[in-house]
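These are my notebook entries on one protein structure. I set down what I looked up, topic by topic.

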Amino acid sequence: MGLWSYYFFLKFFLFAGKFIGFHFWPNLAFAIFVALPVRHVVLRLSKQVIAIPAGIALLYYDSWLPPFSRALQQAGEIERFSAQYLVELAGRFINPKVVAVLALMLVLHLLLSRKLRMSTFAFIAILIMPWWFSLTSLSLRVAPAPQASSAAVDKGSTPMEIGGPANDARLDQALSDFYSKESTRKVDFPSTAGSQAPFDIIFIHICSLAWDDLAYIDQRDNPLIRRFDVLFNNFDSAASYSGPAAIRLLRAPCGQEPHADLYKPAPPGCTLFDDLQNAGFTANWAMNHDGHFGGFISDVRDRGGMPATFTEDKGADISLRAFDGTPIYDDYSILSRWFEHRKTEAAPEVALYYNTITLHDGNTKPGVNLGNPHDSYATRFKKFASDIGRFMDLLQSSGRRAVVVFVPEHGANVRGDRMQISGLREIPSPAVALIPVGIKLIGFPPGTGLQGQKQINAPSSFLALSQLLANFMARDPFTMATPDLGDYVHDLPQTDFVAENEATVVMRWGSGYKLRNPDKTWSDYIT
């Protein structure tokens, strides 16, 4: 084998450290190929010409990185990244401690290979891999999901029963059962015509914010989070990229769809803003970016069924520059300018979809060093939270009634783990898909209103959010001096954790999570 035995020892170390997986049969076949004796110089050279790219491809296949086909699909988008951002991303793949250990291993390999046939040890290690797989239990180091609170009772979407072996067939069946049940679930919105206390609904859809991100920057207890009247602690966004996340929110009245179905026509009665418009709300659409990256506008308009028209507000203040150099407008500037326009509208009730990418990875402020990814994210989140707080103060001071729905698209994965570097979201892990969703009711007269925050710990997703809004529409809380939120959040539908991208699925199973890989096999999700 020569140095190819070191290639396998490198893999064994990375696998033992849970930095990569290990596909037994492809690696065994590759080991046999590189170990085959070839005497002729030309054939020996040809063998190496084949082995080097094959070895790189096999290492990529064993890694947790996205399938190479997906990387090729995204090549056009990656070309738009700035050189500075590409360099930053490349640096995140380098773990100095791991590099040091691998260098030491290489030195030891070169010394030992003078006395020992290292290829023999490499083959022995490969052959015991199946035994290792059968004995090794890869544990998930993510806090277990909170138990359901008394404020929410199970309403029918918990197929992940425990007991018996969690083999591929059983996990596939559980996933199929989940989607089968979800296809039957739907929330209907009552008409608000003639309401004595009409109110607006303002959806603030935030790119890149999860509970894990808040914990990592020590902001779980930020004043904005404490300010919400209803807070979902165990809400699954079901996605980790902006387009699918927007479609899922905009199809919130119906049960969770498989990822592939998001790009098919929405089932009847499943488009949120059409339903709200039929109930009496006028649709509005605003964003703090141009929406062209990744075809986001098309996802919102065509697949999300958004009836409103988006026009970029180039008069707003520019706060940041995105990773592709396009402007990102200040959140308060955009929202306050929208509100000034709202006050001129005759519509009694408006539903606004506002999308913000202030927290997206790679954003920069020209002339200002925002620091490393952790510090940059913390700085941007504090400014963002302050802007949303100011906007809610503006609504409160105006006397207008509004239900503000604070709902992230997905997390930023600022912390990163062994399966995904910081900022990568190809795998919709719980650290990415478990998001803080908050509801704030604004517009009660002084001395009246809600008392305290109601927290929902039950596993939830968009169906629960739709049902809560339908409850507000059916029994307007603004017609009461001190409405009891418990009456509104009682018996909300639960949805167990299933998050999906084009090639991967993460599903809660017992106290941990299972990952369906691009090759359709299942494994534990590890951090």
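Before the first sheet I note the rule for pairing: two strands pair if DSSP finds at least two bridges between them. The model I am reading is predicted.

**Entry 1. The four-stranded sheet.** I looked up the order of the strands and found an open sheet that runs S10-S11-S12-S13, with antiparallel pairing. Strand S10 (498–500) and strand S13 (522–524) are the edge strands, as each pairs on one side only. From one strand to the next, the twist averages 25 degrees. I then examined one pair within this sheet: strand S11 (residues 505–509) and strand S12 (residues 512–516) run antiparallel and are joined by five bridges. Val506 has Leu515 in S12 as its bridge partner. I also asked which helix lies across these strands. Helix H10 (residues 168–182) lies across S10, S11, S12 and S13, and runs at about 95 degrees to S11.

**Entry 2. Confidence.** I checked how far the prediction can be trusted by its own score. The protein averages a pLDDT of 89, and 90% of the residues score at least 70. Residues 137–159 are a stretch where pLDDT stays under 50. For this stretch the model has 61 contacts beyond four places in sequence.

**Entry 3. The seven-stranded sheet.** I next traced another open sheet, which has seven strands in the order S3-S6-S1-S7-S8-S2-S9 and mixed pairing. Its edge strands are S3 and strand S9 (454–456), each of which pairs on one side only. Neighbouring strands of this sheet are turned by 15 degrees against each other on average, direction ignored. As background, I recall that strands of a sheet pair through backbone hydrogen bonds, either parallel or antiparallel. I looked at two of the pairs in detail. S1 and S7 pair in the parallel sense over seven bridges, and Ile204 has Phe406 in S7 as its bridge partner. S3 and S6 also run parallel, joined by six bridges. Here Thr282 is matched with Val350 in S6.

**Entry 4. Strand S3 and Ala283.** Is the edge strand S3 mostly covered or mostly open? I found S3 mostly covered, with five of its six residues buried. I chose Ala283, which is in strand S3, for a closer look. Ala283 has a relative accessibility of 12% and therefore counts as buried, the cut-off being under 20%. Leaving aside residues up to four places away in sequence, Ala283 touches Phe273, Gln277, Pro307, Ala308 and Ala351. I also noted the separation of Ala283 and Tyr353: the two are 70 residues apart along the chain, and their C-alpha atoms are separated by 7.8 Å.

**Entry 5. Helix H14.** Which residues of helix H14 (residues 272–279) are buried? I listed Leu272, Phe273, Asp275, Leu276 and Ala279. These residues lie on the same side of H14 because they cover an arc of only 155 degrees around the axis. A general point bears on this: an α-helix has 3.6 residues a turn, so residues three or four places apart point the same way. I then looked up what the buried residues of H14 pack against: strand S1 (200–206), helix H13 (242–250), strand S3 (282–287), strand S6 (350–356) and helix H19 (462–474). After H14 comes Gly280, whose phi is positive, near 125 degrees.

**Entry 6. The disulfide.** How many disulfides does the model hold? I counted one disulfide. The disulfide joins Cys254 to Cys270, with an S to S distance of 1.9 Å. Cys254 and Cys270 are 16 residues apart, each in the loop between H13 and H14. The torsion about their S-S bond is about -80 degrees, so the disulfide is left-handed. Both Cys254 and Cys270 are buried. I checked a further cysteine as well: Cys207 counts as buried because its relative accessibility is 0%.

**Entry 7. Positive phi values.** I recorded the general expectation beforehand: most residues other than glycine have a negative phi. Ala238 has a positive phi, near 70 degrees. Ala238 is in the loop between strand S2 (230–236) and H13, and is buried, with a relative accessible area of 1%. Asn413 likewise has a positive phi, near 55 degrees. Asn413 is found in the loop between strand S7 (402–408) and helix H18 (430–433). Asn413 is buried too, with a relative accessible area of 2%.

Key. Residues numbered from 1 in each chain as written. Predicted model: local features only at pLDDT ≥ 70, side-chain atom pairs only at ≥ 80, totals over all residues. Heavy atoms only, no water. pLDDT = per-residue confidence, 0-100. Contact = heavy atoms within 4.5 Å. Helix = DSSP H or I, 4+ residues; strand = E, 2+ residues; numbered from the N terminus. Axes fitted to C-alpha atoms, helices over the stretch in contact; angles between N-to-C directions. Buried < 20%, exposed > 50% of the residue type's maximum accessible area, 1.4 Å probe, protein only. Arc of directions from axis to C-beta. Disulfide = S-S within 2.5 Å.
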